[in-house]
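Please look over the sequence and the model below before reading on. The text that follows is meant to be read beside them, one region at a time.

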Amino acid sequence: MVAESYRRAGAGTALMAAVERWGREHGAVLVALDTNLRSKLSVPFYEDRLGYVRHAVIFRKYLS
């Protein structure tokens, strides 16, 4: 998560670029992450800006 004061300033993009670069350098072929589908910030960030593709949906049901 990026602090609100740093959002839309390139911090998240730079962090994710560093994650992907580190992964490639260490032999990774896939990055998997999760976010809240209702997030109006993170979903477009990952899909539109970074090119990630939705692969699965996680369901939850609180029983208490």
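The paragraphs below go through a loop and a helix, then the aromatic rings, and then the salt bridges.

This is a predicted model, in which local features need pLDDT of at least 70 and side-chain atom pairs count only at pLDDT 80 or more, while totals for chains, interfaces and linings use all residues. Residues are numbered from 1 along each chain as its sequence is written, and side-chain values use heavy atoms, with hydrogens and water left out.

A convenient place to begin is serine 39, which sits in the loop between helix H1 (11-25) and helix H2 (42-49); helices here are DSSP runs of H or I with at least four residues, numbered from the N terminus. Serine 39 has a relative accessibility of 23% and therefore counts as partly exposed, given that buried means under 20% relative accessible area, exposed means over 50%, and partly exposed lies in between (1.4 Å probe, protein chains only). Its side chain is joined to that of serine 42 by a polar contact of 2.9 Å, a term that stands for a pair of N or O atoms within 3.5 Å, where within protein one must be able to donate a hydrogen and the other to accept it, and where residues adjacent in sequence count only if both atoms are side-chain atoms.

Serine 42 belongs to helix H2, and because its relative accessible area is 14%, serine 42 is buried. A polar contact of 2.6 Å also links the side chain of serine 42 to that of threonine 35. When residues up to four places away in sequence are not counted, serine 42 touches Thr35 and Asn36, contact meaning heavy atoms within 4.5 Å.

Which residues of H2 are buried? They are Ser42, Val43, Phe45 and Tyr46, and what covers them includes H1. Just after H2, glycine 51 takes a positive phi of about 80°.

The aromatic rings come next, and a search of the whole structure finds 2 aromatic pairs. Rings of Phe, Tyr and Trp (its six-membered ring) pair if their centres lie within 6.5 Å, and planes under 30 degrees apart count as stacked, over 60 as edge-to-face and the rest as tilted. The ring centres of phenylalanine 45 and tyrosine 46 are 5.1 Å apart and their planes stand at 65°, so this pair is edge-to-face. Tyrosine 46 also pairs with tyrosine 52, again edge-to-face, with 6.0 Å from centre to centre and 70° between the planes. In this way ring pairs link Phe45, Tyr46 and Tyr52 into a cluster. Phenylalanine 45 counts as buried because its relative accessibility is 19%, and both tyrosine 46 and tyrosine 52 are buried.

Charged side chains close the account, with 2 salt bridges found in a search of the whole structure; a salt bridge is a side-chain nitrogen of Lys or Arg within 4 Å of a carboxyl oxygen of Asp or Glu. In one, the side chains of arginine 24 and glutamate 20 meet at 3.7 Å, N to O, and both residues lie in helix H1, 4 residues apart, which is about one turn of the helix. An α-helix has 3.6 residues a turn, so residues three or four places apart point the same way. Arginine 24 is exposed because its relative accessible area is 59%. Another salt bridge joins the side chains of arginine 54 and glutamate 47 at 2.4 Å, N to O. Here arginine 54 is exposed, with a relative accessible area of 53%, whereas glutamate 47, at 28% relative accessibility, counts as partly exposed.

Notes:
Helices (H or I, at least four residues) and strands (E, at least two) are DSSP runs, numbered from the N terminus.
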